[in-house]
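The following exchange examines how individual labels in a structural description are justified. Each answer sets a value against the criterion behind the term.

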Amino acid sequence: WAGSTEWLPYCLEALARQTVAAQTIVVVDGPAPDIEDQVRRTLSGARVIRRQQREGFAVAASAGLRAARTDLVALLNDDAVPDPTWLEALRDGAARHPNAGSFASRVVRRDDPSVLDSAGHGLTRWGEAFAIGGGAEDGPAYAEEREVFGAPASASAYRLELLRDCGAFDVSMGAYLEDVDLSLRAQLLGFPCVYLPAAR
């Protein structure tokens, strides 16, 4: 959206440096005249979906997920900067875990990469979602692949089969917890989520 101009270049440049080729879809959520030019300069082959008015993350991200046609669809926030091997790690992890429907990345904080933002979502017995490892020092405890409750939408991947069966995000949620809702629906339909620490 229009407010992304400060940080979007870092995200686009990181996507341009990925070690595996992928189709990129950029959803522009409302009027943002400079952003489409920015996308074209960095990722000339990207498909741009322009929404006429700003409707929030759940609507925009769902539009991007529905437009994708590949068996594995990665989702990335505009303020996230993936390592060059991020997509490769998601692809390889999906191949190792054929029964999983979604995949969580190892998300660290930009201002201090030694601190985790999340290693997937967990869910308490009383139904409260939380970021696994949120605020903890990154280290060996978060270096192993494992099943988790769900994938934070900031940097995740979904099988097309899961999206067909569960749908995308509930657009009535706007922003925040829409990824938890999708993870709950996926779990109820038998789609596990796997945390992939190499997808950083």
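Q: Which residues does Leu162 touch, not counting residues up to four places away in sequence?
A: In this predicted model, Leu162 touches Gly101, Ser102, Gly167, Leu182, Ala186 and Phe191. Contact here requires heavy atoms within 4.5 Å.

Q: What makes the set of residues to which Leu162 belongs a nonpolar core?
A: The term requires buried residues of the nonpolar kinds, joined through side-chain atoms within 4.5 Å. The largest such core has 16 residues, and Leu162 is among those with the most contacts inside it, together with Leu65, Leu75, Tyr158 and Phe169. Helices α3 and α5, strand β3 and helix α6 each supply at least two residues of this core. A second, separate core of 14 residues includes Ala89, Leu90, Phe103 and Ala155. In soluble globular proteins, nonpolar side chains tend to be buried together.

Q: Why is Cys166 not counted in a disulfide?
A: A disulfide requires two cysteine sulfur atoms within 2.5 Å. The closest cysteine sulfur to that of Cys166 belongs to Cys193 and is 12 Å away, which is too far for a bond. The structure as a whole holds zero disulfides.

Q: Why are Cys166 and Cys11 called buried?
A: Buried means under 20% relative accessible area. Cys166 has 10% and Cys11 has 4%, so both are buried.

Q: How do you know that Ala16 is partly exposed?
A: The label covers values between the 20% limit for buried and the 50% limit for exposed. The relative accessibility of Ala16 is 46%, so this residue counts as partly exposed. Ala16 lies in helix α1 and, leaving aside its neighbours within four places in sequence, is in contact with Thr42 and Leu43. The C-alpha atoms of Ala16 and Leu43 are separated by 6.3 Å, although the two residues are 27 residues apart along the chain.

Q: What makes the link between Ser4 and Asp78 a polar contact?
A: The limit for a pair of N or O atoms is 3.5 Å, and the side chains of Ser4 and Asp78 are joined at 2.4 Å. Ser4 is in the segment before α1 and, at 1% relative accessibility, counts as buried.

Q: Why is the pairing of Glu145 with Arg96 called a salt bridge?
A: The criterion is a side-chain nitrogen of Lys or Arg within 4 Å of a carboxyl oxygen of Asp or Glu. The closest N and O atoms of Glu145 and Arg96 are 2.3 Å apart, and the pair therefore qualifies. Glu145, in the loop between β8 and β9, is 49 residues from Arg96, in helix α4. Both partners are partly exposed, Glu145 at 32% and Arg96 at 46%.

Q: What makes Arg106 and Asp138 a salt bridge?
A: Their N to O distance is 2.9 Å, against the limit of 4 Å. Arg106 is buried, with a relative accessible area of 13%. The structure holds nine salt bridges, and Glu36, Arg40 and Arg50 are linked in a network of such bridges.

Q: Why does Asp179 have no salt bridge?
A: The nearest side chain of opposite charge, Arg185, is 9.7 Å away, and a salt bridge requires an N to O distance within 4 Å, so the criterion is not met. Asp179 is found in helix α6 and is buried. The side chain of Asp179 reaches the backbone nitrogen of Ala153 at 2.9 Å.

Methods: Residues are numbered from 1 along each chain as its sequence is written. This is a predicted model: local features need pLDDT of at least 70, side-chain atom pairs count only at pLDDT 80 or more; totals for chains, interfaces and linings use all residues. Side-chain values use heavy atoms; hydrogens and water are left out. Helices (H or I, at least four residues) and strands (E, at least two) are DSSP runs, numbered from the N terminus. Buried means under 20% relative accessible area, exposed over 50%, partly exposed in between (1.4 Å probe, protein chains only). Lys and Arg count as positive and Asp and Glu as negative; His and the chain ends are not counted. A polar contact is a pair of N or O atoms within 3.5 Å; within protein, one must be able to donate a hydrogen and the other to accept it, and residues adjacent in sequence count only if both atoms are side-chain atoms.
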